[in-house]
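The following paragraphs are intended as a guided reading of the structure shown below. Please keep the sequence and the model in view while following the text.

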Amino acid sequence: MSETRGVFSLEDVIEQKAEGDYVALDQVWHSPSGGPEGPNTGYFSPSGSNNQMDKTDFTNDTTAAVPGAALSVARFAMGATGNSTHGYFGGGRIPAAASTMDKTTYASDTTAAVPGAALSTVNYAMGATGTSTHGYFGGGGSPTASTMDKVTYASDTTAAVPGAALSVARYRLTATGNSTHGYFGGGKPGPYSTMDKVTYASDTTAAVPGAALSAARNYLGATGNSTHGYFGGGNPTVSTMDKVTYASDTTAVVSGAALSAARSYMGATGNSTAGYFGAGRNASNNYVSTMDKVTYASDTTAAVPGAALSVARSQLAATSARANALPSAPSSPATRFTDGSGPSPNTGYFGDGIPSLDARMDKTTYASDTTAQVPGASLSVARNNYAATSSATAGYFGGGSPGPKSTMDKVTYASDTTAAVPGAALNLARYNLRATGNLTAGYFGGGDPAVSSMEKVTYASDTTAVVPGANLSGARYGMGATGNSTHGYFGGGTPGPVSTMDKTTYASDTTAQVPGAALSLARRYLSATGNLTHGYFGGGRYPGSPSRVSTMDKTTYASDTTAAVPGAALSSTRSSMGATGNSSFGYFGGGGFPVYSTMDKVTYASDTTAQVPGAALSVARRFVAATGARANGLAIDPPTATPSPSTTGGVPNIL
């Protein structure tokens with residue numbers, strides 16, 4: 001995207017628009033101001049029968065009891081996390097283990113049980129952390145578990161997420177994180193030094209050996225900011241402070257940040273600049289009320305007597321409105337200026353194929369390069385050799401075999417559910433067709449039996465109609481197809497195979513052959529995806545030897561030319577893959593032969609391709625169809641915000 005923010009003149013605007021270097025209107029986003037800034041305070045839970053909630057004011061390092069925030073039932077050994085307005089205290093012992101979830105409202109300093117958010121099982125001594133929308137409670141000791149429960153704040157409901165279970169069952173662990181990942185460290189039995197990383201976008205968890213604690217321990221405390229997590233103290237009773245660097249998933253001891261005295265069984269929380277480690281047991285196993293403050297900028301720790309808890313206690317939990325990189329000034333979700341829509345999901349969907357033929361749907365999360373099966377999104381009927389394209393909110397999977405079939409399935413991204421839409425069924429049953437489109441309509445072209453027919457799916461009405469003027473230049477099947485907001489490109493195919501490239505103009509529903517964009521190598525059963533400026537056509541079958549190729553061709557839309565890009569060749573020779581992606585990367589998954597689950601990731605900026613093992617399909621298969629809301633660069637994310645860091649005389653400094 002061109003840089004058009006800051007101060008510029010009308011002359012600048014005219015010049016940039018003439019050069020095609022100005023932000024298009026449909027790429028303008030705005031984010032209205034949201035609610036008030038979250039309170040700069042932390043809440044430290046009771047411990048046992050005293051049931052006294054303490055509130056620490058980070059602005060002046062003082063602590064006081066808040067009687068109205070007492071738990072609904074006195075208990076200890078809970079997990080705690082929250083967002084900018086509420087804290088959630090889950091599980092614990094009374095002394096028997098409990099599933100109770102209490103919700104503390106910061107604005108009123110009151111606490112009440114929320115039965116719908118109760119943990120999925122009775123549990124205690126979990127680790128807990130989360131984002132502004134969800135809390136994650138992991139592990140526990142009733143019995144020793146690896147369970148991960150996810151609390152949805154908007155609905156005050158909780159459900160276990162099996163894919164996010166810890167790598168090893170344990171309790172007396174602790175957790176912290178930022179807006180994208182949570183880190184769960186330590187625990188017993190053992191004790192463990194294990195560090196597990198939860199990827200929120202995919203609800204998956206994996207051990208990260210490089211981030212393991214410097215020594216095995218349990219009942220430690222943890223908090224942090226957007227870039228680092230601090231894990232302090234623990235049992236055996238130590239004062240050690242470990243610092244986890246999120247960017248590299250590494251952990252190191254920071255000697256200057258050691259606690260003021262060795263202790264364990266504490267609670268920890270903080271804000272963006274400092275962490276607070278409160279109470280616990282000392283080396284003599286006595287309860288203490290000590291509060292230590294870790295200053296992140298200097299990696300130093302000191303006791304702050306004025307912030308000591310009102311009562312000495314042990315096995316407590318803590319949370320705040322500003323821990324875990326929670327936004328200090330929440331904003332309303334960004335929306336696109338032209339239509340008020342929000343960001344589209346940054347995911348791709350890979351449908352059924354052979355030999356699986358079980359209607360499965362896999363979802364690839366681009367942010368974490370992970371793939372998982374989503375049973376609720378399974379196709380309405382098992383099939384292969386079909387085509388797919390997408391609107392900003394749903395994917396459309398049409399045709400296929402055995403058959404041939406005319407079925408059109410619609411995958412709704414918000415709910416990960418799939419249903420047949422009879423009104424959008426193809427007029428001509430076929431397989432080995434291909435599809436692409438823009439944000440308003442999808443185009444399904446060609447297919448076997450060998451036809452040139454083009455059908456147009458209108459997303460707003462979920463209806464399909466034949467558009468004869470857009471027919472391919474010749475009857476064929478097994479092409480690759482991709483495009484941008486104005487044109488679709490259908491390349492290669494068979495009978496032949498051929499290198500032909502056809503270009504469909506959406507505004508006029510017409511198609512014409514573009515000889516300059518012909519593929520570098522005639523082939524069939526290839527796959528394609530791309531961004532707003534280029535299409536990438538990968539793999540396929542060739543009549544020579546070897547019969548399958550790894551070739552990647554790049555079509556430049558501005559000039560209607562195509563050339564092979566050797567650096568972007570697939571990691572192996574294969575055909576009949578699914579392909580989709582976003583504005584920065586293309587993903588080519590599955591294929592044959594033999595049958596692969598491999599996922600290759602094309603980086604558009606460098607024209608390079610690499611295999612991403614974590615994103616491999618759930619089972620090996622070929623004749624796969626794939627799509628996603630951000631394929632072909634159509635649905636984009638809001639640009640990264642660049643707020644002015646300071647003001648002069650009330651006017652922002654423009655940097």
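**Strands, cavities and unusual backbone sites**

Strand 10 (residues 134-138) and strand 11 run antiparallel and are joined by five bridges. Strands here are DSSP runs of E with at least two residues, helices are runs of H or I with at least four residues, and both are numbered from the N terminus. Two strands are said to pair if DSSP finds at least two bridges between them. This is a predicted model, in which local features need pLDDT of at least 70 and side-chain atom pairs count only at pLDDT 80 or more, while totals for chains, interfaces and linings use all residues. Residues are numbered from 1 along each chain as its sequence is written, and side-chain values use heavy atoms, with hydrogens and water left out.

Strand 11 (residues 148-152) is a convenient place to begin. Four of its five residues are buried, so that the strand is mostly covered; buried means under 20% relative accessible area, exposed means over 50%, and partly exposed lies in between (1.4 Å probe, protein chains only). Within the pairing of strand 10 with strand 11, Gly135 has Val151 as its bridge partner. Strand 11 is also joined to strand 12 (residues 157-160), by four bridges and again in the antiparallel sense. There, Thr152 stands opposite Thr157 of strand 12. Four residues lie between the strands of this hairpin, and Asp156 takes a positive phi near 50 degrees. The loop on the other side of strand 11, between strand 10 and strand 11, holds Pro143. The peptide bond that leads from Ser142 to Pro143 is cis, with omega near -15 degrees.

Further along the chain is an open sheet of four strands, in the order 13-14-15-16 and with antiparallel pairing. Its edge strands, each pairing on one side only, are strand 13 (174-177) and strand 16 (204-207). On average, neighbouring strands of this sheet are turned by 25 degrees against each other, direction ignored; the axes are lines fitted to C-alpha atoms, for helices over the stretch in contact, and angles run from 0 to 180 degrees between N-to-C directions. Strand 13 pairs with strand 14 (residues 181-185) over four antiparallel bridges. In strand 14, Gly185 is the bridge partner of Thr174.

Thr174 also appears in the description of the enclosed spaces. On a 1 Å grid over the protein atoms alone, a cavity is a set of points where a 1.4 Å probe fits but cannot get out, and lining residues have an atom within 4 Å of a point. Grid points are joined across faces, edges and corners, and a volume is the space filled by probe spheres set on the points. By this rule there are three cavities of 30 Å³ or more. The largest cavity holds about 350 Å³ of space. It is lined by 36 residues, and those closest to its centre are Ala388, Ala435, Ala481, Ala579 and Ala626. Among the elements that give two or more residues to this lining are strand 31 (387-390), strand 35 (434-437) and strand 51 (626-628). The lining of the largest cavity comprises 18 nonpolar residues, 17 polar residues and one charged residue. In this classification, Ala, Val, Leu, Ile, Met, Phe, Trp, Tyr, Cys and Pro count as nonpolar, Asp, Glu, Lys and Arg as charged, and the others, Gly among them, as polar.

The second largest cavity has a volume of about 280 Å³. Of the 29 residues that line it, Ala80, Thr174, Ala268, Ala317 and Ala318 lie nearest its centre. Strand 13 is one of the elements that supply at least two residues of this lining. The lining of the second largest cavity has 17 nonpolar, 12 polar and no charged residues.

Other sites of backbone geometry deserve attention. Most residues other than glycine have a negative phi, and most peptide bonds are trans. Tyr219, although not a glycine, has a positive phi of about 50 degrees. Tyr219 is found in the loop between strand 16 and strand 17, and its relative accessibility is 7%, so it counts as buried. Leu357, in the loop between strand 28 (347-350) and strand 29 (362-365), has a positive phi of about 40 degrees. Leu357 counts as partly exposed because its relative accessibility is 34%. The peptide bond from Gly592 to Phe593 is cis, with omega near 20 degrees.

For the chain as a whole, the secondary structure comes to one helix and 53 strands. Buried residues make up 55% of the 655 residues.

Note on methods. 1 Å grid on protein atoms, 1.4 Å probe; cavity = no way out; pocket = protein on both sides within 12 Å on 5 of 7 lines; lining within 4 Å.
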